[in-house]
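Subject: Structure handover

Hello,

Here is the structure I promised to pass on. Please open it and keep it beside this email while you read.

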Amino acid sequence: MSQMPQLSACPSCEWPLESGDRFCGACGYDLSAVPARPDDHPTVALNGVVPPPPEEPPRPAAAVPAPGTGVRFDRAPAPDDYPLQAPEPPPAEGAELPAAADQKVCVACRAGRVDQDGYCENCGHAQPRERDHMEQEAGQVAAVSDRGLRHHRNEDAFAIAACALPDGSPVSVAIVCDGVSSATRPDDASLAASRAASRSLLAALPLGTHPQQAMHEAIVAASHAVDALAAEPATAREQAPHQNAPACTLVGAIVTGGLLTVGWVGDSRVYWVPVDRSSPPARLTEDDSWAAQMVAAGLMNEAEAYADERAHAITGWLGADAYELEPHTASFKPDRPGVVVVCTDGLWNYAEGAEEMAEAVPADAALRPLHSARVLVGHALDGGGHDNVTVAVVPFPAVAQGAGSA
């Protein structure tokens, strides 16, 4: 290693140096990069007298700027050591991090605060939005919704609840909505529809309204809620030439002690999967779609119709520009226990037939509905997750909270 030349002042800012300095204390200049000064004075003068070494310039207490430069360096000499603040100890496992009431903690670094744009101020990590992944339990029914792997937001929504009929018998309710992506504010449409339908059911069922009539009224209420979005200023601001008014599909199920009622508009579905897997499963809804119309008209078989690129073009939906609202409802009386799977096409695209869906449903789904909903969402994500995925799992028959199953 070559020896570093001894300099009396920094070649960059003229700050006085001491012997052994490797960096300038004022500007941080790397002194090892300074080439050695050529030895251009003779060790012995021509007259034989050894010249005295060159005098060191006086070391000022503070550098003074040249007149008229307007730049000052008249601060006091910096100390050799700078005190560093000790790092904060990591939080104990399970301890809550202090956070402002209106701020969230980053899910990645668990230290930074999240700004209004949804990014961490510490590590810059984008935070998941509230609707990117949602899970909920209500009595026996459970639901999970996920953004999927391809969409930039989750345009699905669900509402689940448990209540009682006038005689005190339990009832479970599940509503699942899928926003129409080609429309304005599809995420708002699905959320408004699911909430309106759920409110309608929870108001009607405890009064003794027949579940099939209650489901019809709930779909109509959901339709009105989505229609109202078309008149809101937010829709006008976001409206694009190629977009329609806010729109979504809806599918729902009502489960009592002995009756299973379904209702729908669009192409989201309800499947019946018995606990005894030796009994056949079934799909309980018919899609409002181009493919379903082709099959119903006898123009194609189901495999051909759903293989067509037009298969998922829907012919029925909720929204201000829907042709005509035609709620579909049906009631069933299963003779054995099972589970009801209420889902968007983000799931059934990967388990289209009733047998395929039954294979994807865990065997203990009636006992662990939330776990089963998670498994079904995972099945769709493992299959590619091309769409938002939402599924509700409702055990049949409905059992009072805390009561054991027969």
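Which residue forms a salt bridge with Asp287? The partner is Arg283, and the closest N and O atoms are 3.9 Å apart. Keep in mind that this is a predicted model. Asp287 is buried, with a relative accessible area of 6%. Arg283 counts as partly exposed because its relative accessibility is 22%, and the cut-off for buried is under 20%. The pair also belongs to a network: salt bridges with shared partners join Arg269, Arg283, Asp287 and Glu302.

**The whole protein**

Now step back. The protein has 406 residues, and 41% of them are buried. There are 8 helices and 12 strands. Look at the contacts between residues with a separation of 6 or more: 61% of them come from residues 24 or more positions apart. The protein exposes about 22,700 Å². Carbon and sulfur atoms supply 53% of that area.

**Two cores**

In soluble globular proteins, nonpolar side chains tend to be buried together. Find the largest nonpolar core here, which has 31 residues. Val341, Cys343, Leu347, Met357, Val361, Leu376 and Val391 touch the most other members. Helix H8, residues 369–382, gives the most to this core, with 5 residues.

Pick Leu347 and look around it. Leave aside neighbours within four places in sequence. Leu347 is then in contact with Val341, Met357, Leu376, His379, Ala380, Val389 and Val391. Another core lies apart from this one. That second core has 26 residues, among them Cys163, Cys177, Leu250 and Val265.

**Helix H2**

Next, go to helix H2, residues 211–229. Does its length come out as expected or not? At 1.5 Å a residue, its 19 residues should span 27 Å. The end C-alpha atoms are 27 Å apart, so the two values agree.

Which residues of H2 are buried? They are Pro211, Ala214, Met215, Ala218, Ile219, Ala222, Ser223, Val226 and Leu229. These buried residues pack against two helices, H1 (186–204) and H3 (233–238). They also pack against strands S5 (247–255), S6 (260–265), S9 (318–319) and S10 (328–332).

**Ser145**

Now find strand S2, residues 141–146, which holds Ser145. Is Ser145 buried or exposed? Ser145 is buried, with a relative accessible area of 0%. Its side chain joins that of Asn154 in a polar contact of 2.9 Å. Again leave aside neighbours within four places in sequence. Ser145 is in contact with Asp132, His133, Met134, Asn154, Asp156, Phe158, Val389 and Thr390. Val389 also appears in the list of contacts for Leu347.

**Arg185**

The structure holds 12 salt bridges. Two of them involve Arg185 and deserve a look. One joins the side chains of Arg185 and Asp188, at 2.8 Å from N to O. Asp188 is partly exposed, with a relative accessible area of 28%. The other joins Glu232 and Arg185, at 3.0 Å from N to O. What does this second pair tie together? Glu232 lies in the loop between H2 and H3, while Arg185 lies in the loop between strand S4 (170–179) and H1. The pair therefore ties together parts that are 47 residues apart in sequence. Glu232 counts as partly exposed, at 32% relative accessibility. Arg185 itself is buried, with a relative accessible area of 7%.

**Two backbone details**

Most residues other than glycine have a negative phi, and most peptide bonds are trans. Where does this model depart from that? Arg185 has a positive phi of about 50 degrees, although it is not a glycine. The peptide bond from Phe396 to Pro397 is cis, with omega near 0 degrees. Pro397 lies in the segment after strand S12 (389–396).

That is the tour. Work through the sections in order, with the structure open.

Best wishes

Key: Residues numbered from 1 in each chain as written. Predicted model: local features only at pLDDT ≥ 70, side-chain atom pairs only at ≥ 80, totals over all residues. Heavy atoms only, no water. Helix = DSSP H or I, 4+ residues; strand = E, 2+ residues; numbered from the N terminus. Buried < 20%, exposed > 50% of the residue type's maximum accessible area, 1.4 Å probe, protein only. Contact = heavy atoms within 4.5 Å. Areas by Shrake-Rupley, 256 points an atom, 1.4 Å probe, with all protein chains shown as cover. Core = buried A, V, L, I, M, F, W, Y, C linked by side-chain atoms within 4.5 Å. Expected span 1.5 Å × (residues − 1). Polar contact = N/O pair within 3.5 Å; in protein donor to acceptor, adjacent residues only side chain to side chain. Salt bridge = Lys/Arg side-chain N within 4 Å of Asp/Glu carboxyl O.
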